[in-house]
Amino acid sequence: MASSISAISEELGEIDGQIADIFRALSNGFQKFEKIKDSSRQSRQLEELTGKMRECKRLIKEFDREVKDLEHTVGPDTSKILNEKKQSMVKELNSYVALKKQYASNIENKRVDLFGGPAEGFEEDNNGLLASSMTNQQLMDNGHHMMDETDQAIERSKKVVHETVNVGTETAAALKAQTEQMSRIVNELDSIHFSIKKASQLVKEIGRQVATDRCIMALLFLIVVGVIAIIIVKIVDPNNKDIRDIPGLAPPAPSRKLLWITD
(Lines give C-alpha, C1' and ligand atoms only; values in the text may rest on other atoms or scores of the structure.)
Protein backbone atom coordinates (compact mmCIF):
# COMPACT_ATOMS: atom_id res chain seq x y z
CA MET A 1 0.00 0.00 0.00
CA ALA A 2 2.82 2.41 0.89
CA SER A 3 4.55 1.76 -2.46
CA SER A 4 1.31 2.42 -4.35
CA ILE A 5 0.83 5.69 -2.48
CA SER A 6 4.44 6.66 -3.24
CA ALA A 7 3.71 6.00 -6.91
CA ILE A 8 0.83 8.48 -6.71
CA SER A 9 2.76 11.17 -4.81
CA GLU A 10 6.18 11.15 -3.17
CA GLU A 11 4.97 13.51 -0.43
CA LEU A 12 2.00 11.27 0.39
CA GLY A 13 4.33 8.29 0.52
CA GLU A 14 6.65 10.10 2.91
CA ILE A 15 3.77 11.15 5.19
CA ASP A 16 2.35 7.62 5.12
CA GLY A 17 5.73 6.22 6.15
CA GLN A 18 6.00 8.65 9.08
CA ILE A 19 2.48 7.76 10.28
CA ALA A 20 3.30 4.05 10.04
CA ASP A 21 6.42 4.60 12.16
CA ILE A 22 4.36 6.42 14.81
CA PHE A 23 1.77 3.65 14.89
CA ARG A 24 4.53 1.09 15.47
CA ALA A 25 5.95 3.27 18.25
CA LEU A 26 2.49 3.55 19.86
CA SER A 27 1.98 -0.21 19.72
CA ASN A 28 5.36 -0.85 21.34
CA GLY A 29 4.75 1.93 23.86
CA PHE A 30 1.45 0.49 25.08
CA GLN A 31 2.99 -2.96 25.33
CA LYS A 32 5.74 -1.45 27.46
CA PHE A 33 3.14 0.43 29.54
CA GLU A 34 1.43 -2.82 30.56
CA LYS A 35 4.71 -4.04 32.09
CA ILE A 36 5.20 -0.87 34.20
CA LYS A 37 3.90 -1.09 37.77
CA ASP A 38 4.86 2.33 39.15
CA SER A 39 2.11 4.98 38.72
CA SER A 40 4.52 7.88 38.14
CA ARG A 41 6.37 5.97 35.42
CA GLN A 42 3.04 5.03 33.87
CA SER A 43 2.05 8.71 33.79
CA ARG A 44 5.30 9.67 32.07
CA GLN A 45 4.83 6.87 29.55
CA LEU A 46 1.28 8.07 28.81
CA GLU A 47 2.52 11.64 28.31
CA GLU A 48 5.10 10.42 25.81
CA LEU A 49 2.47 8.38 23.95
CA THR A 50 0.09 11.36 23.96
CA GLY A 51 2.77 13.48 22.28
CA LYS A 52 3.18 10.85 19.57
CA MET A 53 -0.59 10.79 19.04
CA ARG A 54 -0.64 14.58 18.62
CA GLU A 55 2.12 14.31 16.00
CA CYS A 56 0.18 11.53 14.26
CA LYS A 57 -2.96 13.73 14.21
CA ARG A 58 -0.96 16.54 12.61
CA LEU A 59 0.42 14.22 9.92
CA ILE A 60 -3.06 12.85 9.15
CA LYS A 61 -4.30 16.43 8.64
CA GLU A 62 -1.39 17.09 6.30
CA PHE A 63 -2.15 13.82 4.46
CA ASP A 64 -5.78 14.97 4.04
CA ARG A 65 -4.68 18.34 2.63
CA GLU A 66 -2.41 16.65 0.08
CA VAL A 67 -5.25 14.32 -0.94
CA LYS A 68 -7.57 17.29 -1.49
CA ASP A 69 -4.91 19.00 -3.63
CA LEU A 70 -4.63 15.86 -5.80
CA GLU A 71 -8.37 15.36 -6.29
CA HIS A 72 -8.37 17.28 -9.60
CA THR A 73 -5.30 15.51 -10.98
CA VAL A 74 -6.06 11.84 -10.18
CA GLY A 75 -8.90 9.57 -11.13
CA PRO A 76 -11.88 8.64 -8.93
CA ASP A 77 -10.45 5.19 -8.13
CA THR A 78 -7.21 6.71 -6.86
CA SER A 79 -9.15 9.27 -4.80
CA LYS A 80 -11.18 6.45 -3.27
CA ILE A 81 -8.01 4.55 -2.32
CA LEU A 82 -6.49 7.64 -0.70
CA ASN A 83 -9.68 8.42 1.25
CA GLU A 84 -9.94 4.84 2.47
CA LYS A 85 -6.31 5.02 3.59
CA LYS A 86 -7.03 8.23 5.50
CA GLN A 87 -10.07 6.67 7.17
CA SER A 88 -8.03 3.65 8.25
CA MET A 89 -5.40 5.99 9.75
CA VAL A 90 -8.06 7.90 11.68
CA LYS A 91 -9.64 4.68 12.92
CA GLU A 92 -6.33 3.28 14.14
CA LEU A 93 -5.45 6.57 15.86
CA ASN A 94 -8.85 6.63 17.59
CA SER A 95 -8.24 3.12 18.90
CA TYR A 96 -4.99 4.27 20.52
CA VAL A 97 -6.73 7.36 21.93
CA ALA A 98 -9.40 5.16 23.53
CA LEU A 99 -6.71 2.88 24.95
CA LYS A 100 -4.89 5.90 26.38
CA LYS A 101 -8.08 7.17 28.04
CA GLN A 102 -8.67 3.75 29.59
CA TYR A 103 -5.17 3.59 31.06
CA ALA A 104 -5.40 7.20 32.27
CA SER A 105 -8.67 6.40 34.05
CA ASN A 106 -7.07 3.40 35.75
CA ILE A 107 -4.17 5.55 36.97
CA GLU A 108 -6.58 8.20 38.27
CA ASN A 109 -8.56 5.59 40.19
CA LYS A 110 -5.38 4.40 41.87
CA ARG A 111 -4.60 7.92 43.03
CA VAL A 112 -7.94 8.53 44.73
CA ASP A 113 -7.34 9.00 48.45
CA LEU A 114 -9.84 7.26 50.61
CA PHE A 115 -10.42 9.12 53.88
CA GLY A 116 -11.99 7.22 56.73
CA GLY A 117 -11.58 6.09 60.28
CA PRO A 118 -13.36 6.08 63.58
CA ALA A 119 -15.21 9.22 64.53
CA GLU A 120 -13.47 11.50 66.96
CA GLY A 121 -15.08 11.66 70.32
CA PHE A 122 -15.11 14.40 72.85
CA GLU A 123 -12.59 13.92 75.59
CA GLU A 124 -13.80 14.44 79.06
CA ASP A 125 -12.56 17.62 80.66
CA ASN A 126 -10.46 16.79 83.70
CA ASN A 127 -11.66 19.94 85.41
CA GLY A 128 -15.30 19.37 84.51
CA LEU A 129 -17.95 17.50 86.32
CA LEU A 130 -18.75 13.86 85.74
CA ALA A 131 -22.05 13.22 84.02
CA SER A 132 -23.27 11.33 87.04
CA SER A 133 -22.64 14.31 89.28
CA MET A 134 -24.13 16.95 86.90
CA THR A 135 -27.53 18.48 87.41
CA ASN A 136 -30.08 18.52 84.62
CA GLN A 137 -29.34 22.17 83.86
CA GLN A 138 -25.62 21.48 83.62
CA LEU A 139 -26.24 18.55 81.31
CA MET A 140 -28.46 20.71 79.07
CA ASP A 141 -25.89 23.54 79.00
CA ASN A 142 -23.11 21.11 78.21
CA GLY A 143 -25.21 19.55 75.43
CA HIS A 144 -26.03 22.96 73.91
CA HIS A 145 -22.36 23.88 74.01
CA MET A 146 -21.40 20.68 72.20
CA MET A 147 -24.15 21.25 69.59
CA ASP A 148 -22.93 24.82 69.00
CA GLU A 149 -19.37 23.59 68.46
CA THR A 150 -20.63 20.90 66.09
CA ASP A 151 -22.69 23.45 64.11
CA GLN A 152 -19.68 25.74 63.82
CA ALA A 153 -17.52 22.86 62.59
CA ILE A 154 -20.18 21.96 60.01
CA GLU A 155 -20.38 25.57 58.81
CA ARG A 156 -16.61 25.73 58.49
CA SER A 157 -16.66 22.48 56.50
CA LYS A 158 -19.41 23.82 54.21
CA LYS A 159 -17.39 26.97 53.62
CA VAL A 160 -14.29 24.96 52.75
CA VAL A 161 -16.29 22.74 50.40
CA HIS A 162 -17.88 25.77 48.73
CA GLU A 163 -14.48 27.42 48.22
CA THR A 164 -13.05 24.17 46.87
CA VAL A 165 -15.91 23.86 44.38
CA ASN A 166 -15.39 27.46 43.23
CA VAL A 167 -11.66 26.92 42.80
CA GLY A 168 -12.29 23.70 40.90
CA THR A 169 -14.81 25.43 38.60
CA GLU A 170 -12.42 28.29 37.87
CA THR A 171 -9.57 25.87 37.27
CA ALA A 172 -11.68 23.78 34.89
CA ALA A 173 -12.73 26.90 32.96
CA ALA A 174 -9.11 28.08 32.73
CA LEU A 175 -7.94 24.65 31.56
CA LYS A 176 -10.69 24.53 28.95
CA ALA A 177 -9.74 27.98 27.63
CA GLN A 178 -6.06 27.00 27.52
CA THR A 179 -6.89 23.74 25.76
CA GLU A 180 -8.91 25.58 23.10
CA GLN A 181 -6.11 28.11 22.70
CA MET A 182 -3.51 25.34 22.30
CA SER A 183 -5.73 23.61 19.75
CA ARG A 184 -5.99 26.84 17.73
CA ILE A 185 -2.23 27.35 17.95
CA VAL A 186 -1.57 23.78 16.76
CA ASN A 187 -3.95 24.25 13.81
CA GLU A 188 -2.28 27.54 12.88
CA LEU A 189 1.16 25.93 13.09
CA ASP A 190 -0.03 23.11 10.83
CA SER A 191 -1.31 25.66 8.30
CA ILE A 192 1.96 27.63 8.44
CA HIS A 193 4.00 24.44 7.97
CA PHE A 194 1.87 23.45 4.99
CA SER A 195 2.18 26.96 3.45
CA ILE A 196 5.96 26.94 3.88
CA LYS A 197 6.21 23.58 2.13
CA LYS A 198 4.08 24.82 -0.77
CA ALA A 199 6.16 27.99 -1.02
CA SER A 200 9.36 25.91 -1.15
CA GLN A 201 7.93 23.85 -4.00
CA LEU A 202 6.97 27.03 -5.87
CA VAL A 203 10.46 28.47 -5.44
CA LYS A 204 11.97 25.25 -6.82
CA GLU A 205 9.68 25.38 -9.85
CA ILE A 206 10.56 29.04 -10.49
CA GLY A 207 14.26 28.15 -10.25
CA ARG A 208 13.86 25.39 -12.84
CA GLN A 209 11.99 27.77 -15.18
CA VAL A 210 14.70 30.42 -14.84
CA ALA A 211 17.40 27.84 -15.63
CA THR A 212 15.45 26.74 -18.72
CA ASP A 213 15.02 30.33 -19.89
CA ARG A 214 18.76 30.95 -19.48
CA CYS A 215 19.58 27.90 -21.60
CA ILE A 216 17.22 29.10 -24.35
CA MET A 217 18.70 32.61 -24.28
CA ALA A 218 22.23 31.17 -24.52
CA LEU A 219 21.23 29.02 -27.50
CA LEU A 220 19.63 31.99 -29.27
CA PHE A 221 22.75 34.05 -28.58
CA LEU A 222 24.96 31.38 -30.16
CA ILE A 223 22.68 31.21 -33.22
CA VAL A 224 22.75 35.00 -33.68
CA VAL A 225 26.55 35.06 -33.28
CA GLY A 226 26.87 32.29 -35.88
CA VAL A 227 24.65 34.12 -38.39
CA ILE A 228 26.59 37.36 -37.89
CA ALA A 229 29.87 35.48 -38.39
CA ILE A 230 28.62 33.94 -41.65
CA ILE A 231 27.46 37.36 -42.91
CA ILE A 232 30.84 38.89 -42.09
CA VAL A 233 32.69 36.07 -43.88
CA LYS A 234 30.48 36.44 -46.96
CA ILE A 235 31.09 40.16 -47.02
CA VAL A 236 34.87 39.84 -46.60
CA ASP A 237 35.26 36.88 -48.97
CA PRO A 238 32.22 36.83 -51.28
CA ASN A 239 33.77 34.21 -53.60
CA ASN A 240 34.14 31.63 -50.80
CA LYS A 241 32.28 28.57 -52.08
CA ASP A 242 32.52 26.71 -48.81
CA ILE A 243 29.73 28.86 -47.38
CA ARG A 244 26.33 28.77 -49.02
CA ASP A 245 24.58 32.00 -49.92
CA ILE A 246 22.37 33.34 -47.18
CA PRO A 247 18.72 33.72 -48.24
CA GLY A 248 17.81 37.42 -48.55
CA LEU A 249 21.43 38.50 -48.97
CA ALA A 250 22.19 39.60 -52.54
CA PRO A 251 25.18 37.86 -54.20
CA PRO A 252 28.20 40.02 -54.98
CA ALA A 253 28.05 41.98 -58.24
CA PRO A 254 30.39 40.60 -60.97
CA SER A 255 33.39 42.72 -61.80
CA ARG A 256 33.04 44.63 -65.08
CA LYS A 257 35.81 44.56 -67.72
CA LEU A 258 36.24 47.69 -69.89
CA LEU A 259 37.33 47.28 -73.52
CA TRP A 260 39.73 49.80 -75.02
CA ILE A 261 39.04 50.50 -78.68
CA THR A 262 42.00 51.88 -80.71
CA ASP A 263 41.57 53.94 -83.84
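## Exercises on an all-helix chain

K197 has a relative accessible area of 26%, so K197 counts as partly exposed. The cut-offs are under 20% for buried, over 50% for exposed, and in between for partly exposed, with a 1.4 Å probe and protein chains only as cover. The model is predicted: local features need pLDDT of at least 70, side-chain atom pairs count only at pLDDT 80 or more, and totals for chains, interfaces and linings use all residues. Residues are numbered from 1 along each chain as its sequence is written, and side-chain values use heavy atoms, with hydrogens and water left out.

**Exercise 1. Count the helices and strands, and state what share of the residues is buried.**

Solution.
- Step 1: count the elements. The chain has five helices and zero strands. Both are DSSP runs numbered from the N terminus: helices are H or I with at least four residues, strands are E with at least two.
- Step 2: read the order. From the N terminus on, it is α-α-α-α-α.
- Step 3: take the burial figure. Of the 263 residues in the chain, 17% are buried.

**Exercise 2. Find the partner of K197 in a salt bridge, and decide whether E62 is buried or exposed.**

Solution.
- Step 1: apply the rule. A salt bridge needs a side-chain nitrogen of Lys or Arg within 4 Å of a carboxyl oxygen of Asp or Glu.
- Step 2: find the pair. The side chain of K197 meets that of E62, at 2.7 Å from N to O.
- Step 3: place both ends. E62 sits in helix α3 (residues 39-69) and K197 in helix α5, so the pair links distant parts of the chain, 135 residues apart.
- Step 4: check E62. Its relative accessibility is 3%, so E62 counts as buried.

**Exercise 3. Work out which helices the salt bridge between K86 and D64 links.**

Solution.
- Step 1: check the contact. K86 and D64 meet through their side chains at 3.2 Å, N to O.
- Step 2: assign helices. K86 is in helix α4 and D64 is in helix α3, 22 residues apart.
- Step 3: judge burial. K86 is buried at 17% relative accessible area. D64 is buried too, at 18%.
- Step 4: look for shared partners. Salt bridges join E55, R58, E62 and K197 into one network.

**Exercise 4. State how many salt bridges the rule gives, and explain why the pair K85 and D16 ties together separate parts of the sequence.**

Solution.
- Step 1: take the total. The rule gives eight salt bridges.
- Step 2: pick out one of them. K85 and D16 meet at 3.5 Å, N to O.
- Step 3: compare positions. K85 lies in helix α4 (residues 76-111) and D16 in helix α2, so the pair ties together parts that are 69 residues apart in sequence.
- Step 4: check burial. Both K85 and D16 are buried.

**Exercise 5. Compare sequence separation with C-alpha distance for R65 and L12, then for K32 and Q42.**

Solution.
- Step 1: take R65 and L12. They are 53 residues apart in sequence and 10.0 Å apart in space, C-alpha to C-alpha. R65 lies in helix α3. R65 is partly exposed, at 23% relative accessibility.
- Step 2: take K32 and Q42. The separation is 10 residues in sequence, and the C-alpha atoms are 9.5 Å apart. K32 is placed in helix α2 (residues 10-35). At a relative accessible area of 48%, K32 is partly exposed.

**Exercise 6. Name the residues in the nonpolar patch and in the patch of negative charge on the surface.**

Solution.
- Step 1: fix the rule. Patch members have over 30% relative accessible area and no salt bridge; like charges are joined within 9 Å, and nonpolar side chains (Val, Leu, Ile, Met, Phe, Trp, Tyr) within 5 Å. Areas follow the Shrake-Rupley method with a 1.4 Å probe, counting only the protein chains shown as cover.
- Step 2: list the nonpolar patch. I216, M217, L219, L220, I223 and V227 form it, with about 580 Å² of accessible area together. I216 belongs to helix α5 (residues 136-236). I216 is partly exposed at 45%.
- Step 3: list the negative patch. D148, E149, D151 and E155 gather there. Asp and Glu count as negative, Lys and Arg as positive; His and the chain ends are not counted. Each charge is placed at NZ of Lys, CZ of Arg, CG of Asp or CD of Glu. E149 lies in helix α5 and is partly exposed at 35%.

**Exercise 7. Set the UniProt feature "transmembrane region" and the feature "coiled-coil region" against the model.**

Solution.
- Step 1: read the record. UniProt (unreviewed entry) lists "transmembrane region" at residues 216-236, and "coiled-coil region" at residues 46-73. Positions use the numbering here, feature names are shortened, and annotations may be inferred rather than shown by experiment.
- Step 2: check residues 216-236. The span is 100% helix and 0% strand, with its end C-alpha atoms 30 Å apart.
- Step 3: check residues 46-73. Here the chain is 86% helix and 0% strand, and the end C-alpha atoms lie 41 Å apart.
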